[in-house]
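Welcome, and please bring your viewer to the front. We will move from one selection to the next and look at what sits at each stop.

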Amino acid sequence: VAWLTYFVGRYLVTVKFLGIVNILAGRELIREFIQENAKPDDMANEMLRLMNDANARTTCIHDLDAVIGELSSTGASLRAAECVLAAL
């Protein structure tokens, strides 16, 4: 977003994460590249790390499967909404 929007939003919105997967997990499962950290080389290196490091990839898949498992039972949309609201 524009720098002014980011600057103002940073003080109005108090969440630890912006990505829905990270919000639902309550921790950073997927690295977030926000504003000055959104550099093409850094994003490419993270993707290469996940592609080339079998342990990192397996951990990521396992963690994402756990989030999916939490959402797949009855009442998933309600729990997702509660998680989002709790993070706000």
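Let's begin with the charged pairs: the count comes to 2 salt bridges. Keep in mind along the way that this is a predicted model.

**Stop 1: across the chain**

Select aspartate 63 and arginine 27. These two form a salt bridge, and their closest N and O atoms are 3.2 Å apart. Now colour by secondary structure: aspartate 63 belongs to helix α4 (residues 54-71), while arginine 27 is in the loop between α2 (20-25) and α3 (40-52), so the salt bridge ties together parts 36 residues apart in sequence. Is aspartate 63 buried or exposed? With a relative accessible area of 14%, aspartate 63 falls under the 20% limit and is therefore buried. Its partner, arginine 27, is partly exposed at 43%.

**Stop 2: within one helix**

Next, select glutamate 46 and arginine 49. Here is another salt bridge, with the closest N and O atoms 2.8 Å apart. Both residues are in helix α3, and because they are 3 residues apart, about one helical turn separates them. Glutamate 46 is buried, having a relative accessible area of 13%, whereas arginine 49 is partly exposed at 39%.

**Stop 3: the aromatic rings**

Switch to the aromatic side chains. How many aromatic pairs does a search of the whole structure find? The search gives 2. For one of them, select tryptophan 3 and tyrosine 6: the ring centres are 6.0 Å apart and the planes meet at 85°, so this pair is edge-to-face. Both residues lie in helix α1, 3 residues apart, or about one turn of the helix. Tryptophan 3 counts as exposed, with 55% relative accessibility.

Then add phenylalanine 7 and tyrosine 11. Their ring centres are 5.3 Å apart with the planes at 70°, so this pair is edge-to-face too. They are 4 residues apart in helix α1, which again means a separation of about one helical turn. Tyrosine 11 counts as exposed at 56% relative accessibility, while phenylalanine 7, at 46%, is partly exposed.

**Stop 4: the nonpolar patch**

Stay with phenylalanine 7, which is placed in helix α1 (residues 3-12), and turn on the surface. Which residues make a nonpolar surface patch with phenylalanine 7? Select Leu4, Phe7, Val8, Tyr11, Leu12 and Val13: together they make a patch of about 660 Å². Two residues from the last stop, Phe7 and Tyr11, are among them.

Notes:
Residues numbered from 1 in each chain as written. Predicted model: local features only at pLDDT ≥ 70, side-chain atom pairs only at ≥ 80, totals over all residues. Heavy atoms only, no water. Patch = residues over 30% accessible without salt bridge, like charges linked within 9 Å, V, L, I, M, F, W, Y side chains within 5 Å. Areas by Shrake-Rupley, 256 points an atom, 1.4 Å probe, with all protein chains shown as cover. Salt bridge = Lys/Arg side-chain N within 4 Å of Asp/Glu carboxyl O. Helix = DSSP H or I, 4+ residues; strand = E, 2+ residues; numbered from the N terminus. Phe/Tyr/Trp six-rings, centres within 6.5 Å; stacked < 30°, edge-to-face > 60°. Buried < 20%, exposed > 50% of the residue type's maximum accessible area, 1.4 Å probe, protein only.
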